[in-house]
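The following note was prepared for a colleague who has asked for a reading of the structure. The points are numbered for ease of reference.

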Amino acid sequence: QVSTAGFTGKVSLEIYDLQGRVVYSEVIANAQGSERAVVDVSDLDNGTYVVRMSSSVKALASKLVVRR
């Protein structure tokens, strides 16, 4: 789950591997600011990724570690 806290309206969510390649991309059409988006990472290999969320007024990046 990814929190959309602080984001409203159309939000782009992208996950990058450490080589900078986009491995997941989704547009959340109507984020309400206090919701959570469910992201299926079952197709991602174990490793470290960067999650980037952006809207017209705000952007946020955070680290994601996939370990099974």
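What radius of gyration does the chain have, and what would a compact globule with 68 residues have?

1. Overall dimensions. The model under discussion is predicted. The chain has a radius of gyration of 12 Å, which agrees with the value near 11 Å for a compact globule with 68 residues. Along the principal axes, the C-alpha trace spans about 30 × 20 × 15 Å. Buried residues account for 28% of the 68 residues in the chain.

2. Secondary structure. The chain contains six strands and zero helices. In sequence order the pattern therefore reads β-β-β-β-β-β, where strands are DSSP runs numbered from the N terminus. As for the range of the contacts, those between residues at least 6 apart in sequence were considered, and 53% of them join residues at least 24 apart.

3. The nonpolar core. The largest nonpolar core comprises 14 residues, and the members that touch the most other members are Val11, Leu13, Ile15 and Met53. At least two residues of this core come from each of strand 2 (9-17), strand 3 (22-31) and strand 5 (47-54). Val11 deserves a closer look. With residues up to four places away in sequence not counted, Val11 touches Glu26, Val27, Ile28, Ala31, Met53, Ser54 and Ser55.

4. Ile28, a contact of Val11. Ile28 is located in strand 3 and counts as buried, because its relative accessibility is 13% and the cut-off is under 20%. Residues up to four places away in sequence being excluded, Ile28 touches Thr4, Gly9, Lys10, Val11 and Ala37. Thr8 is 20 residues from Ile28 along the chain, and the C-alpha atoms of the two are separated by 9.5 Å.

5. Ser55, a further contact of Val11. Is Ser55 buried or exposed? Ser55 counts as buried, at 17% relative accessibility, and its position is in the loop between strand 5 and strand 6 (59-66). Apart from residues up to four places away in sequence, Ser55 touches Phe7, Thr8, Lys10 and Val11.

6. Tyr16. This residue of strand 2 counts as partly exposed, because its relative accessibility of 21% is not under the 20% required for a buried residue. Neighbours within four places in sequence aside, Tyr16 is in contact with Arg21, Val22, Val23, Tyr49, Val50 and Arg52. Ser54 lies 38 residues from Tyr16 along the chain, with 14 Å between their C-alpha atoms.

7. The salt bridge. How many salt bridges does a search of the whole structure find? The search finds one. Asp17 forms a salt bridge with Arg21, and the closest N and O atoms are 2.8 Å apart. Asp17 is buried, with a relative accessible area of 11%. Arg21 is also among the contacts of Tyr16.

8. Aromatic residues. A search of the whole structure finds zero aromatic pairs. Phe7 nevertheless has a charged residue over its face: Lys58 lies there, at 5.0 Å from the ring centre. Phe7 is also one of the residues touched by Ser55.

9. Gly6. The loop between strand 1 (2-3) and strand 2 holds Gly6. When residues up to four places away in sequence are not counted, Gly6 touches Gly33 and Lys58. Lys58 is the residue that lies over the face of Phe7. The C-alpha atoms of Gly6 and Ala37 are separated by 13 Å, the two residues being 31 apart along the chain.

10. Val65. In strand 6, Val65 is partly exposed, with a relative accessible area of 37%. With neighbours within four places in sequence left aside, Val65 is in contact with Gly47 and Thr48. Both contacts fall within the range of strand 5 (47-54). Gly33 is 32 residues from Val65 in sequence, and the C-alpha to C-alpha separation in space is 24 Å.

Terms used
Residues numbered from 1 in each chain as written. Predicted model: local features only at pLDDT ≥ 70, side-chain atom pairs only at ≥ 80, totals over all residues. Heavy atoms only, no water. Core = buried A, V, L, I, M, F, W, Y, C linked by side-chain atoms within 4.5 Å. Buried < 20%, exposed > 50% of the residue type's maximum accessible area, 1.4 Å probe, protein only. Helix = DSSP H or I, 4+ residues; strand = E, 2+ residues; numbered from the N terminus. Contact = heavy atoms within 4.5 Å. Salt bridge = Lys/Arg side-chain N within 4 Å of Asp/Glu carboxyl O. Phe/Tyr/Trp six-rings, centres within 6.5 Å; stacked < 30°, edge-to-face > 60°. Lys NZ or Arg CZ within 6 Å of the ring centre and 35° of its normal. Rg over C-alpha atoms; globule rule 2.2 N^0.38 Å.
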